Amino acid sequence: RVLMKKAFYFIGLFLLIYSCTVHKEPIFVKIDNIEVMSYAADTIKLKAMAFFENPNDVGGNISTNNLKILINDSEVAQLFSDDFNVPAKKEFSIPLLANIPTKNLLNSDKNGLLGGLINSLLSKKVTVRIQGDLVYSFLGFQKDFLVDKTQDINIKF
């Protein structure tokens, strides 16, 4: 009788744990909505959104890993986000932010960056590229999502 009771609890616990396991990894949908949030004499603030779907009954955590911002093909800053707690069975988005020091744009004249920026300012468009990884982790399981998004953004004065 005691053995039957223990077996019943074991089976119940096993089913509970099995039903909450990670059957699939979250789905990285896209990076979008890249925009200049503000600009001042010393810093340009850029924002982008990373969109995901989580088909699992459990959450997890997503963090940035060496996400870099390239403007006209020259690296100018890193994108960052606080570690994000992934909701279970939901679509969700994560804001990614970058503070680009204007000196990085002006001092770095690799491949004619300064000339390219002046042309971009005259045309009121700039090409922004985001490259790197977003990392999903849950109880020792880890999945890297490769990000490579290029978008022309309008500059408003």
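The following paragraphs lead through a nonpolar core and two buried polar residues of this structure. The model is predicted, so local features need pLDDT of at least 70 and side-chain atom pairs count only at pLDDT 80 or more, whereas totals for chains, interfaces and linings use all residues. Residues are numbered from 1 along each chain as its sequence is written, and side-chain values use heavy atoms, without hydrogens and water.

The largest nonpolar core (buried Ala, Val, Leu, Ile, Met, Phe, Trp, Tyr and Cys residues joined through side-chain atoms within 4.5 Å) has 28 residues, of which Ile69, Ile100, Ile130 and Leu134 touch the most other members. Two or more residues come from each of β1 (27–39), β2 (43–54), β3 (60–71), β4 (74–79), β6 (90–101), β7 (125–138) and β8; strands are DSSP runs of E of at least two residues, and helices are runs of H or I of at least four, numbered from the N terminus. Beyond four places in sequence, the contacts of Ile130 (heavy atoms within 4.5 Å) include Ile31, Ala48, Leu67, Ile69, Leu79 and Val147.

Strand β8 (residues 141–154) also holds Gln151. This residue is buried (under 20% relative accessible area, with over 50% exposed and partly exposed in between, for a 1.4 Å probe and protein chains only), at 19%. A polar atom of the Gln151 side chain lies 3.4 Å from the backbone oxygen of Ile34. Gln151 also touches Asp32, Asn33, Val126, Thr127 and Val128, among residues over four places away in sequence.

Thr102 lies in helix α2 (residues 102–107) and is likewise buried, at 14% relative accessibility. Its contacts beyond four places in sequence are Ala40, Ala41, Asp42, Thr43 and Ile44. The C-alpha atoms of Thr102 and Ala40 are 8.5 Å apart, across 62 residues of sequence.

Note on methods:
Polar contact = N/O pair within 3.5 Å; in protein donor to acceptor, adjacent residues only side chain to side chain.
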